[in-house]
Amino acid sequence: ERGKVLGTLVQTFMQPAFRPDVNRVEVTTNGNLVGNFSDDQQRAWLSSFLTLQRRTDCLLDMQFRFVRGPRHAFDRFGLAGSATAVLSQPDVVAILQESAKQLGDAATVTAPRMIVWPRLPSNISVIDKIAYVERWDVRIVEPGKQVIADPVISEASDGVTIDVTAVLLEDALFGAIVDVKQSQVKRPIPTRKIRLATPDNREVEVASPETTTVSLSATLTLRAGETALFRAPLQDDEHDVAVLLSIQRVDAQPEPR
């Protein structure tokens, strides 16, 4: 599995760019990486990349921030007509300050942080599980053949799941393949009343939550000190929502003895 991930990273970040019609990379059953690269620059890149992976012993600290702002608030930072933008630290501070000034505590939607091993697919979820009554089951039970109604409880998910694979491309250059999935439950949750087939014709209420789920995939290259900016998969009715991602190296802690 790790060999397949390494092959995907090579295809994604190789310079000059990997060409599927010309180049080939695959992983043997022994875990060896086999490729076909006619370009000298590609071969040099691959040699340097693999050498770096063999000597890498750090972790990667990935800080995500989902930030809400007024309409078009992020356009001047490079998102007008663009899928992603790369920001300096002063721009990041400006975004956070402007959003906080406009929306206060509501400016930051969520801020998950991941510390991951390079090349190891990782994920994090920030999910609010909302319990609701999906239906009622009518049962006849002993003693006395009583008729009872049991609520069946289900859960709707509201929040974000992030899958990421990050890698060192140079000592201060990071690559990341990011998949973000956002789910949002419409509020208020629609309900309806029904009558049960019980002797008293009991009236109960059930819920039918409406959940919108949207996914976004991004391939990013960031230098140390830079922050990526891209639009969140889900936007709300009144604001723009963007994602900030920064990556930095951290030393791997030695195992306790």
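**Val-178 and the cores**

I started at Val-178: skipping neighbours within four places in sequence, I found it in contact with Phe-64, Ile-162, Asp-163, Val-164, Leu-216, Ser-217, Ala-218, Leu-220 and Leu-245. Note to self: this is a predicted model.

Next I looked up the core around it. The largest nonpolar core has 27 residues, and Val-178 is among those that touch the most other members, along with Met-62, Phe-64, Phe-66, Ile-162, Leu-245 and Ile-247. Which elements give two or more residues to this core? I noted strand 3, strand 6 (113–116), strand 8, strand 9, strand 12, strand 13 (227–231) and strand 14 (239–251). There is also a second, separate core of 15 residues, and Val-10, Met-14, Val-25 and Leu-46 are included in it. A reminder for the margin: nonpolar side chains tend to be buried together in soluble globular proteins.

**Gln-42**

I then went to helix 2, where Gln-42 sits. Buried or exposed? Gln-42 has a relative accessible area of 4%, so it counts as buried. Not counting residues up to four places away in sequence, Gln-42 touches Met-14, Gln-15, Pro-16, Ala-17, Phe-18, Asn-23 and Phe-37. Met-14 had already turned up in my notes, as a member of the second core.

**Largest pocket**

Pockets next. I got about 590 Å³ of space for the largest one. Its lining runs to 23 residues, and Arg-68, Val-109, Asp-158, Ser-183 and Gln-184 lie nearest the centre. By class I wrote down 7 nonpolar, 8 polar and 8 charged residues for this lining.

Where does the lining come from? At least two residues each are supplied by strand 3 (58–70), strand 5 (108–110), strand 7 (122–141), strand 8 (146–170), strand 9 (173–185) and strand 12 (211–223). Strand 9 gives the largest share, 4 residues. Strands 3, 8, 9 and 12 are also among the elements that give two or more residues to the largest core.

**Second largest pocket**

For this one I have a volume of about 320 Å³. I listed 17 lining residues, with Arg-2, Leu-6, Gln-53, Pro-118 and Arg-119 nearest the centre. Here helices show up: helix 1 (2–13) and helix 2 (40–55) each supply at least two lining residues. The largest share, 4 residues, is from helix 1. The class split for this lining is 8 nonpolar, 5 polar and 4 charged.

**Arg-119 and Thr-56**

Arg-119 made me look at its backbone. Its phi is near 75 degrees, a positive value in a residue other than glycine. Most residues other than glycine have a negative phi, and most peptide bonds are trans. Arg-119 is in the loop between strand 6 and strand 7. With 28% relative accessibility, Arg-119 counts as partly exposed, because that class runs from 20% to 50%.

Pro-118, another residue nearest the centre of the second pocket, took me to Thr-56. Leaving out residues up to four places away in sequence, Thr-56 touches Pro-118 and Leu-168. Thr-56 is in the loop between helix 2 and strand 3. I checked its side chain, which reaches the backbone oxygen of Leu-52 at 2.6 Å. Thr-56 has a relative accessible area of 17%, which means it is buried, as the cut-off is under 20%.

**The loop between strand 7 and strand 8**

Two entries here. Pro-143 lies in this loop, and the peptide bond leading to it from Glu-142 is cis, with omega near 0 degrees. Lys-145 lies in the loop too, with a positive phi near 50 degrees. Lys-145 has 60% relative accessibility, so I put it down as exposed.

I looked for another cis bond and found one joining Arg-187 and Pro-188, with omega about -10 degrees. Pro-188 is in the loop between strand 9 and strand 10 (191–195).

**Val-147**

Last stop: Val-147, in strand 8. How far apart are Val-147 and Pro-199 in sequence and in space? They are 52 residues apart in sequence and 7.6 Å apart in space, C-alpha to C-alpha. With neighbours within four places set aside, I have Val-147 in contact with Val-138, Arg-139, Ile-140, Thr-198 and Pro-199. Its relative accessible area is 33%, so Val-147 is partly exposed.

How values were computed. Residues are numbered from 1 along each chain as its sequence is written. This is a predicted model: local features need pLDDT of at least 70, side-chain atom pairs count only at pLDDT 80 or more; totals for chains, interfaces and linings use all residues. Side-chain values use heavy atoms; hydrogens and water are left out. On a 1 Å grid over the protein atoms alone, a cavity is a set of points where a 1.4 Å probe fits but cannot get out, and a pocket is an open set with protein on both sides within 12 Å along at least five of seven lines; lining residues have an atom within 4 Å of a point. Grid points are joined across faces, edges and corners, and a volume is the space filled by probe spheres set on the points. Ala, Val, Leu, Ile, Met, Phe, Trp, Tyr, Cys and Pro count as nonpolar, Asp, Glu, Lys and Arg as charged, and the others, Gly among them, as polar. Buried means under 20% relative accessible area, exposed over 50%, partly exposed in between (1.4 Å probe, protein chains only). A polar contact is a pair of N or O atoms within 3.5 Å; within protein, one must be able to donate a hydrogen and the other to accept it, and residues adjacent in sequence count only if both atoms are side-chain atoms. Contact means heavy atoms within 4.5 Å. A nonpolar core is a set of buried Ala, Val, Leu, Ile, Met, Phe, Trp, Tyr and Cys residues joined through side-chain atoms within 4.5 Å.
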